[in-house]
Each structure stands twice: as C-alpha cells, then as structure tokens.
Amino acid sequence: MRDLRKLSEWQALQSHYHEIESLQMRDMFAQDKNRFDTFSASACGILLDYSKNRITSETFDLLLALARKIDITKEAKRMFAGERINATEDRSVLHTALRMPDSKSLLVDGEDVVKQVHAVARHAAQFVDKVRDGVWTGYTGKRIESVVNIGIGGSDLGPLMVCEALKPWQHEDLEFHFVSNVDGSHISEALAKINAETTLFIVASKTFTTQETLANAQTARQWFLDSGADNSAIAKHFVAVSTNEKAVSEFGIDTDNMFRFWDWVGGRYSLWSSIGLSIRLCIGNDNFDAMLHGAHEMDEHFVQTEYQHNLPVVLALLGVWYGNFFNARSYVIAPYDQYLHRFPAYLQQLDMESNGKSVQMDGSAVDYKTGAVLWGEPGTNGQHAFFQLIHQGTDLIPADFITAAKSQNPVGAHHKMLLANCIAQTEALMKGKTLSEVQAELRAGGSTNEETDALAPHKVFSGNRPTNTLLCEEITPRVLGALIALYEHKVFVQGKIWGLNSYDQWGVELGKQLAATVLQELNSGAPGAHDSSTSNLMSYCIDRFSKAT
C-alpha cells in the first residue's frame, strides 16, 4: 500500500500550504507584472490561463515534484500501450486507441486494435453517408429526417453533449433526439415529435441488456409497429451499437447494422467509438474525424510534454492542491458558450464516476480526500444564480471558465458582451472588493456615514477565489476533441496521484441490483423483507397502483 500522505513531496506541500494560505492573489499580481506569462500554457488550440490561482512559483514546483514522484508519464504510457490498468475488471483502457490514425499500430494480446478500430469506423462511416445523403430510406421509401439515440450514461451524455456543442455543423435535414431516462415521459415526449416513416432509432447498449435502455427501446419498437409498420420494417428503422449479436437479432435489428466496440471502451470514454454514431450522423464523418484528430493531438501533448507545460497535468495538480490542501469540496465548470451547455453534465460523469472512490488499487481504504463534486451551467446564467455562492459563500469553490474568442453566431455586440462577462468574472473572483473600497464607493454615491456602515459589510468580496480560463480561438470539432481529451487525462492524473482505479464503477451496480428486486415485488404487489422505509414506500406505490386501475 502506498501511503500518499507520507510521501516527502506531499508533506512538503502540506508545510507550504500553511506558509501561503493567507496570501492574496491581488497582491501577487501587483508584485509580478509577468504572472500571466509564468502561469499560462497553450496546446491544441487551447490557451490555459491558470495565473488566477493561489500559487507561487514554489507551489508549482512542489506540485510538479509530486507528479514526478508518481511518474505520471510512465503511468500514461502503460495505459496507451494497452496494459490492463483497470485491474478490478482485468481490462485495458484504450479510449486513446479510438482516435489513433490508421497509420499507427497497437498490438494488444496479439491483435492490432488500431486496425480493428478503423474497420468498425469505416462500417459506421459508410452507413452515415447513406443516411445523410438520403440513400438509406425508411420502409416507405422516404428519407430519414429524425434520429433518436436511446442509451444511458456514457451512451447518452457524450453523444448528446457533442451534438449540442457542434450544432453549427449539424446536417440541415436531420433532427436529433436523445432518450435516456426510464421515466416514460422522456420517450413519450420524443415519440410525439417524430414520424415513424422517417425516423431512425439507435439503440446503444454494450450488452443489450441495460434495463433503462431496453425499456425505452421496446417502447419505441411497439410505437413503431403500432404506427402501421410490420416486423420486417424494423430493420430499416432500428440499428444497434452493441456487442451482443444474439440479443440484437432477437430485437429485430439486422446484425449488418450492428456497430461494434470492445470491452476496453468504458462508457464515459465511449463517444469516440461506435457510441458516437449519432455524432457522425449529426456532424458528418469529416467533422467526426476532425474531432478524433483534435483528441489525438491532446493525447500526444499529454505523453510528450514536460509537466510544467502539460495542460492535463497542470489542471490535475491544481485540483489536488485545492481539494486536498484547501479542503475545497466541489468545483465549477462555467462554459461561456451556449453550445457547451451540456459540457458540465458530461464532465460530471467523467470525473465523479472515475474518481469517486474510497479505496486504492490494492483495496486499502484511503484516508484523504478524492474526487470532487463537479457542477455548473453556462456562465452568464450562472452569474444570476450560483455565482453568489462562489463570490461570497463560506466554501472555496475553484472554477474553470471555458470560452472562445470567435462566436458561431456573431450577432451584434452579443459575443463581446459574453467575453466581457467571462473575463470580468475571473478578475472579480480574484480581486474581490475590500471594506475600504466599498466604503469609498458608497460615500462617493452619496450614502451617509450611517448608511455606509450598515451596508458596507454586505458588499465586501473577499476575493482570492481561484479560477482557470480555457480560451480557444473557436470551438470547432478539432478543438472540442482536444478539450474533451484534456479533461479525460486530467482525471487520469488525479486518479494516479490518489492511487485509484479510475476506470471501474462498482458504485453504480448496487442500486441496479436492488432495483431489480424492488421491481419484481412492485409487479407482484407484495413487498419482501426490507427496512421499514423501503417497505412502506413500496406499499404506498402498490396501493396507488390499485386505485389507478
């Protein structure tokens, strides 16, 4: 067992924290006119400004020493080489292979996975071209106009996020709907907006047994048949992303239209695989390939770049700094780009499912903080909602601000207003406003001394609230690919520092197991042996079921 807190590098950081915890960033900027130059880095079309953090050059050096002690590059190369770093499931972790160019080769268990990846990608690309060009038609001969992606978790969050983020590249004759919630309202609302004759359903489930996904898929199938189609028409309107050929065939899907992937593709890392079929349909194969290229560029940056200029390493180390030393319990993702409105939700799964763990790789319990509660919304909306907590709340909440210099919709002065808000918020969080500044401002506005004394404490901002700004020239498919990969590798680095397996998710399983038992008992109308809360909740529902009928 590795005891993280006994590492000399960790103890040095702990001592250093006590030395600088009271330092003010506004003073750091006043004393160092080149602070931005010292604490910024660029790669893959992304400028990372991390100068508005509670760090000094010594802090950064100590954090880098920790990364070197863990040997992040060595650990990353193990992942890239296909070693079975997901030890609890005895699997490789090779989402990076999904974006390797076909000129490369990677042998895992004697098979070239890059060759396999590109064979499946060609299969998907051929299908996508047929649909987008109107060659693939529904059973009545009409071209496809609507695509419904049915999945959950990574089979939904990634494709939905990317299709929203890259909406300017969406095919003008196709509409996209995403259904994940087993709540019947979700599938019902989607079905109400589409025409059976012109709709393509993508059922995305690795095992083709995922309860929520199969419930929604069966409802869609029955709706389709009730519209007047017969069983033979299902093959023209349903395709699958799965590994379970038997179950797919039994559903009525032609297995020629089953798009495969591998057990080393984790759900939250799967948008690069066939799970991204809806993305390909939305933005086209060329743009999907550009996204893969951007992600691969970030992969190479991650394994080839010195830590002090390495974007994923820098972000990860800052997260460890605040979480483990400042006891920051959460952090915010604030995209100042409406198309990125689902990016925080996507990162929630990526980060919290990966590093929401309390045992190390060897099964021993950790005695330090891991993971963080990640949350957020588009920035200007957040300013009128939760930014109050970030500015004046009692918790320290680090934040990542993400924006682009160029808008996809340059309407009037909107984009300059957006950028002004983004940049100003990071300055305000850093600088704050002192009591004397507030008092002077109130008096200049005509307030009496009594009014000033009463109001001033409420208008004080402590400042010293850390932020990173990730600024791109433009959110393109390539840049988005790099941005997603950046956060993937950030999560990897933090997992390695904390000694976690970032690639299993056993915490997801228990609720699923118990839900199967509860569902069986709800269907039978007889609760089994449970605690009094569970039994009474079930009895309440069973009683209402009987009254409803």
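**Leucine 340**

I looked up leucine 340 in this predicted model. Its relative accessibility is 1%, so I put leucine 340 down as buried, the cut-off being under 20%. I found leucine 340 in the loop between strand S10 (330–336) and helix H15 (343–355). Which residues does leucine 340 contact, leaving aside its neighbours within four places in sequence? I listed Ala165, Pro335, Ile402, Ile475 and Leu480. I also checked leucine 340 against glutamate 377, which is 37 residues away along the chain. Their C-alpha atoms are separated by 8.9 Å.

**Helix H4**

I turned to helix H4, residues 57–70. Does its length agree with its residue count? I took 1.5 Å a residue for its 14 residues, which gives an expected span of 20 Å. The end C-alpha atoms are 20 Å apart, so the two agree.

I noted the buried residues of H4 as Thr59, Phe60, Leu62, Leu63, Leu64, Leu66, Ala67 and Ile70. Where do they pack? I traced them to four partners: helix H1 (8–20), helix H5 (72–80), helix H14 (311–325) and helix H21 (477–498). Aspartate 71 follows H4, and I read a positive phi for aspartate 71, near 60°.

**Two more positive phi values**

I looked at cysteine 44 next. Its phi is positive, about 55°, although cysteine 44 is not a glycine. Cysteine 44 lies in the loop between strand S1 (40–43) and strand S2 (46–49). Is cysteine 44 buried or exposed? At 14% relative accessibility, I count cysteine 44 as buried.

Then I looked at aspartate 109. Phi of aspartate 109 is near 55°, again positive in a residue other than glycine. I placed aspartate 109 in the loop between strand S3 (107–108) and strand S4 (111–112). Its relative accessible area is 62%, so aspartate 109 is exposed.

**The whole protein**

I counted 23 helices and 13 strands in the protein. The radius of gyration is 26 Å, and the globule rule gives 24 Å for 549 residues. The two are close, so I call the protein as compact as a globular protein of that length. Along the principal axes, the C-alpha atoms fill a box of roughly 80 × 60 × 60 Å.

I noted that buried residues make up 53% of the 549. I then took contacts between residues at least 6 apart in sequence, and 73% of these join residues at least 24 apart. The accessible surface comes to about 24,100 Å², and carbon and sulfur atoms hold 50% of that. Last, I looked up the charges: 49 positive and 66 negative, with mean positions 2 Å apart.

How values were computed:
Residues numbered from 1 in each chain as written. Predicted model: local features only at pLDDT ≥ 70, side-chain atom pairs only at ≥ 80, totals over all residues. Heavy atoms only, no water. Rg over C-alpha atoms; globule rule 2.2 N^0.38 Å. Buried < 20%, exposed > 50% of the residue type's maximum accessible area, 1.4 Å probe, protein only. Contact = heavy atoms within 4.5 Å. Areas by Shrake-Rupley, 256 points an atom, 1.4 Å probe, with all protein chains shown as cover. Lys, Arg positive; Asp, Glu negative; His and termini not counted. Charge placed at Lys NZ, Arg CZ, Asp CG, Glu CD. Expected span 1.5 Å × (residues − 1).
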